[in-house]
Amino acid sequence: MTRKAMVIMLCAVVPLSLFGLLMPRKPTPEEQVAITKYSQHINKMLDQFRGPAWEEKMDFALADPMVNPSPNRPLELTEIFQRTYNLRKTSAHYKTTITPLIAKMEKIKDQGDKQLQHARIEDLLHVQIRVNCNVLVSTLHPGPVKKNAILVPGSYSAYKDEDNPYGYGASYTILFGNAKSSRWDPAAGYYYYKFVHPSNSPNIENIEIRIFGADDRIKELLKKIDWKQVTQALTP
């Protein structure tokens, strides 16, 4: 084999080998213990988002997560928690809040104003919550400003976020973990988390919760949720 051929072969084989090492894998027994604890507590917290007026959809439930080998975080899972709640048309809340808004919209003649009213109605019909753990970077717009701060016991950062990727209603970002390990970067517009535990260790150091949708419902939930379930999901 010529030297040129050997170089070509190495260029082809080495990346494939490295890719194989970085493929998602099943959790080790120790990792599974941390994942089970995390899952149990987060599900207890998420169950509190239920209400008779809201139809629940389990988008992602951390049913069978794999582990992504990571060079910069303790335990990186391939799945997140996500639930979506849609206001039932048969509920009293829909009839007293949404129905009058629809009647008002139907009387609007200007199409631009009508579309605006329709968007306002959509903002009140949905709530979505996403939960992720061991997040290296958490974005927040415009940042940790006082006017957007909310009270969430146990969190080190809880703010109404003015950047809403969900598209409907309001957006909230809540971070749990060690505040001393998190640094806000104003130039980048994100929190950077420096993990204490070594890479690929069976530990969960932080939890990011993002809530989108009907602002009135979210404000109600923020007050009633037992947030201790989230702190208990973390590795001591």
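In this predicted model, the largest nonpolar core holds 44 residues, and those that touch the most other members are Tyr38, Met45, Ile207, Ile209, Ile211 and Trp227. Two or more residues of this core come from each of helix 2 (29–47), strand 2 (81–87), helix 3 (92–107), strand 3 (126–133), strand 6 (170–176), strand 9 (207–213) and helix 5 (215–224), with helix 2 giving the largest share, six residues. Methionine 45 can serve as a way into this region: leaving aside residues up to four places away in sequence, methionine 45 touches Ile129, Val131 and Ile209, and also Ile225, Asp226, Trp227, Gln229 and Val230.

Helix 5 also holds arginine 217. Arginine 217 has a relative accessible area of 7%, and because buried means under 20%, this residue counts as buried. Its contacts, again without residues up to four places away in sequence, are Phe49, Arg50, Gly51, Trp54 and Val127. At one of these residues, arginine 50, the backbone oxygen lies 3.5 Å from a polar atom of the arginine 217 side chain.

A further part of the structure to follow is an open sheet of three strands, which has the order 4-8-7 and antiparallel pairing. Strand 4 (137–139) and strand 7 (182–185) are the edge strands, each pairing on one side only, and the neighbouring strands of this sheet are turned by 25° against each other on average, when direction is ignored. Strands of a sheet pair through backbone hydrogen bonds, in either a parallel or an antiparallel sense. Here strand 7 and strand 8 (residues 190–193) pair in the antiparallel sense over four bridges, and tyrosine 190 in strand 8 is the bridge partner of aspartate 185.

Terms used:
Residues numbered from 1 in each chain as written. Predicted model: local features only at pLDDT ≥ 70, side-chain atom pairs only at ≥ 80, totals over all residues. Heavy atoms only, no water. Core = buried A, V, L, I, M, F, W, Y, C linked by side-chain atoms within 4.5 Å. Buried < 20%, exposed > 50% of the residue type's maximum accessible area, 1.4 Å probe, protein only. Contact = heavy atoms within 4.5 Å. Pairing = 2+ DSSP bridges. Axes fitted to C-alpha atoms, helices over the stretch in contact; angles between N-to-C directions. Polar contact = N/O pair within 3.5 Å; in protein donor to acceptor, adjacent residues only side chain to side chain.
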